Amino acid sequence: MRDYTKIEAWRLADDLTVAVYERTRSFPKDEMYGLTSQLRRASYSVPANIVEGSSRESKKDYLHFLYIARGSLSEAQYFVHLARRLGYLSAEESEALREQTKMTFACLHGLIRAVEKEAGRLSKALATVTSLLVIGLMRWSSGQWSIVS
């Protein structure tokens, strides 16, 4: 299990979530179950999925949750844009959130690429070990070219 608190992408996503909560406090009350809720959910989904993925055993599972985090980050980015267009965020607030989102995206992208690279190496190593094991079993079975039943 990885210590998610040491993952920079998680730290940035966590900071973004706190900023989103602070900025959405002033949204209209009639948006409580609409845009406010959607933007908050999309933002907290990012660090939450990084945390869930970091607890998974396989790189493939870890990547699955990182991809979900990336999708949620894209969704949050759109909701920030929409909130600005609707006048719920000032230009300065919107730009600050957009910059935080960009930094989080860049860091998350780097994390995904690193894990993809590791997963690729692991898959190749696993395939090699599996092939060697099968060949060894084939040779071991009394000199016959069949796997032991």
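**An all-helix pattern and a bent second helix**

Of the 149 residues in the protein, 33% are buried. The model described here is a predicted one. Its architecture is easy to follow: the protein contains four helices and zero strands, which gives the pattern α-α-α-α when read along the sequence. Among contacts with a separation of 6 or more, 68% join residues 24 or more positions apart. The surface can be summarised in a similar way, with about 9,200 Å² exposed by the protein and 58% of that area supplied by carbon and sulfur atoms.

A helpful place to look more closely is helix α2, which runs over residues 35-54 and has 20 residues. From its first C-alpha to its last, α2 reaches 29 Å, close to the 28 Å expected at 1.5 Å a residue. Along the way, α2 bends by about 30 degrees at S45, and the proline P47 follows within four residues of that position. Helix α2 is also mostly covered, as 14 of its 20 residues are buried.

Further along the chain, attention turns to a loop. S90 sits in the loop between α3 (59-85) and α4 (91-140). With a relative accessible area of 26%, S90 counts as partly exposed, because this class lies between the 20% limit for buried residues and the 50% limit for exposed ones. S90 can also be placed relative to an earlier part of the sequence: S90 and R23 are 67 residues apart along the chain, and their C-alpha atoms are separated by 9.8 Å.

Key. Residues numbered from 1 in each chain as written. Predicted model: local features only at pLDDT ≥ 70, side-chain atom pairs only at ≥ 80, totals over all residues. Heavy atoms only, no water. Helix = DSSP H or I, 4+ residues; strand = E, 2+ residues; numbered from the N terminus. Expected span 1.5 Å × (residues − 1). Bend = angle between axes of the 7 residues up to and from the residue. Buried < 20%, exposed > 50% of the residue type's maximum accessible area, 1.4 Å probe, protein only. Contact = heavy atoms within 4.5 Å. Areas by Shrake-Rupley, 256 points an atom, 1.4 Å probe, with all protein chains shown as cover.
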